[in-house]
Amino acid sequence: MRVHFHGAAGQVTGSMHLVEIAGRRILIDCGMVQGSPEAEAQNFAPFPFDPARLDAVILSHAHIDHIGRVPRLVMAGYRGPILAQSATAELLPIMLLDSAALQESDAERLNRKRKPGQPRAMPLYTREDVQGIFGQVRPLAYGPHPGILPGVDLVLRDAGHILGSCSVELRGEGRVLVFSGDLGMKGTPILRDPEPVPHADLLLMESTYGNRNHRPRPETVQELGEILDAAWRDGGNVLIPAFAVGRTQELLYWFARHWDDWQMARWRIFLDSPMASKVVQVYDHHHGLFDAEARAVWRQTPSPFRLPNLHVTQSVEESMAINRIHGGAIIIAGNGMANGGRILHHMRQHLPHRQTRIIFVGYQAEGTLGRRLVDGARWVRIHGHDVQVQAHRHTVGGLSAHADQQGLLEWYAAFTTPPPVALVHGEDLAREALAGEIAVRHGVQALLPRPGMQAEV
């Protein structure tokens with residue numbers, strides 16, 4: 001068994017690992033690189049393998065940095081099955097069609113500004129391209145799936161990151177390869193805790209927050225309530241960049257849980273996302289994947305997705321109308337790293353105002369607008385306009401969808417015997433810190449792969 005590292009090796013986005021096992025070639029994830037324009041240009045590069053020779057694709061979950069290049073893979077000749085947990089399979093068309101629409105819109109905007117002689121901007125793929133992949137998707141339940149290919153068995157375990165997220169276990173040639181996928185924090189609302197894995201001959205483990213621990217969730221939730229109260233007193237709006245799957249649902253969950261003590265009825269809450277209502281339907285279809293507490297909350301009034309003051313916007317006109325509101329609005333919009341989507345229009349309007357508060361509730365990759373704002377930028381450029389940043393900025397790390405260093409180490413320690421490990425899906429500072437802790441605690445020297453490297457199992 002051999003693993004080829006092609007993405008998220010030394011960075012967080014662009015997850016993609018090729019496994020050769022029992023004479024078969026299996027791709028785990030096919031994610032989009034996100035960040036600076038230079039980084040995102042990598043998405044147009046040819047794949048470093050022949051897509052037509054792949055036998056299967058396995059998707060760990062439905063975030064774009066793990067699925068965003070699947071249409072491109074099919075365009076390049078892949079014709080085999082796309083295996084995904086059932087909730088992920090249901091989220092897949094929602095996420096990819098939205099991604100295609102954004103890329104089409106960005107290309108159209110760039111072409112309007114194109115100077116004579118410049119080449120036309122092209123989207124990575126179109127909505128028509130996305131429609132072409134759906135016949136290849138194979139929904140799977142959590143648990144064992146023997147014989148997905150001759151000599152290859154698959155086990156999917158709940159990773160506790162977003163709805164449908166998986167740790168992937170491949171068995172063949174008498175060996176076991178485990179990919180952690182993105183691991184969530186224990187005690188994350190709605191989701192079950194990450195499931196431990198008993199054995200691996202090689203582990204590919206994410207390391208997004210391998211160098212830090214999150215603030216305890218109860219303190220974080222209290223902080224969120226305090227930020228909202230201060231924003232109300234200041235008379236401003238609250239902007240929250242959030243991906244449509246994951247943090248958005250948790251935010252609405254906490255709004256429902258603290259409906260009375262946070263006085264949530266006084267706010268106008270906008271979920272400014274064309275796909276939000278579709279994502280809500282997926283969650284409603286999969287209550288069986290919730291933890292017990294979340295199932296109880298969903299039966300209460302108000303239900304998180306049916307808050308009486310929640311407005312789910314669809315059209316561009318509805319989105320633009322929100323910017324005429326100068327106070328008392330909570331605006332949740334994608335994308336979560338503020339490097340695209342409707343949140344950019346709201347930031348352009350509201351960042352110059354001191355009474356505005358912007359809350360970051362997820363990881364901000366290098367090169368993104370979100371990262372520049374978190375790092376304290378006083379001026380940013382949005383859609384070609386220089387925007388002064390006067391808004392209050394809050395980074396609420398305790399709501400992260402990713403396990404922190406302690407959570408990663410606890411999950412690793414649950415193996416019966418500490419396995420050899422390659423740390424992926426992390427920047428170098430995070431990977432190096434986590435590798436040091438694993439070496440001290442377990443005597444295992446972690447591999448820190450780069451794109452193009454290989455590992456034998």
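**Salt bridges, a nonpolar core and an enclosed helix**

Student: Which residue does Glu410 meet in a salt bridge?
Tutor: Good place to begin, and keep in mind that this is a predicted model. The N to O distance for this pair is 3.9 Å, and a salt bridge needs the nitrogen within 4 Å of the carboxyl oxygen. Glu410 sits in helix α13 (residues 405-413), while its partner lies in the loop between β10 and β11, 224 residues apart in the chain. The side chain that meets Glu410 is that of Lys186.

Student: Is Lys186 buried or exposed?
Tutor: Let's set the two partners side by side. Glu410 has 39% relative accessibility and counts as partly exposed. Lys186 has 56%, and the cut-off is over 50%, so Lys186 counts as exposed.

Student: How far apart are the closest N and O atoms of Arg157 and Glu195?
Tutor: This salt bridge links distant parts of the chain, with Arg157 in strand β8 (residues 152-158) and Glu195 in the loop between β10 (175-179) and β11 (202-206). Arg157 is buried, at a relative accessible area of 11%, whereas Glu195 is partly exposed at 34%. The closest N and O atoms of the pair are separated by 3.7 Å.

Student: Which helix holds Arg257, the salt-bridge partner of Glu293?
Tutor: The closest N and O atoms of Glu293 and Arg257 are 2.7 Å apart. Both residues are partly exposed, Glu293 at 44% and Arg257 at 37%. Glu293 belongs to helix α9 (residues 292-298), and 36 residues away in the chain Arg257 belongs to helix α7.

Student: Why is helix α7 largely enclosed, and how many of its 11 residues are buried?
Tutor: Helix α7 spans residues 247-257. Its buried residues include Arg247, Glu250, Trp254 and Phe255. The helix is largely enclosed by the rest of the structure because so many of its residues are buried: of 11, the number is 10.

Student: How many residues does the largest nonpolar core have?
Tutor: Phe255, one of the buried residues of α7, is also among the residues with the most contacts inside this core, together with Leu170, Leu177 and Ile330. Helix α4 (residues 86-112) gives the core its largest share, 8 residues. The total number of residues in the core is 105.

Student: Leaving out residues up to four places away in sequence, which residues does Ser99 touch?
Tutor: Ser99 lies in helix α4. With a relative accessible area of 7%, Ser99 is buried. Not counting residues up to four places away in sequence, Ser99 touches Met32, Ile64 and Tyr125.

Student: How far apart in space are Phe360 and Val221, C-alpha to C-alpha?
Tutor: Phe360 lies in strand β16 (residues 357-360) and counts as buried at 1% relative accessibility. Among the residues Phe360 touches are Pro241, Leu373 and His394. Phe360 and Val221 are 139 residues apart in sequence, and their C-alpha to C-alpha distance is 13 Å.

Student: How many salt bridges does the structure hold?
Tutor: You have already met three of the pairs: Glu410 with Lys186, Arg157 with Glu195, and Glu293 with Arg257. Salt bridges with shared partners also join Arg2, Glu20, Arg25 and Glu456 into one network. Across the structure, the number of salt bridges is 29.

Definitions and conventions: Residues numbered from 1 in each chain as written. Predicted model: local features only at pLDDT ≥ 70, side-chain atom pairs only at ≥ 80, totals over all residues. Heavy atoms only, no water. Buried < 20%, exposed > 50% of the residue type's maximum accessible area, 1.4 Å probe, protein only. Helix = DSSP H or I, 4+ residues; strand = E, 2+ residues; numbered from the N terminus. Core = buried A, V, L, I, M, F, W, Y, C linked by side-chain atoms within 4.5 Å. Contact = heavy atoms within 4.5 Å.
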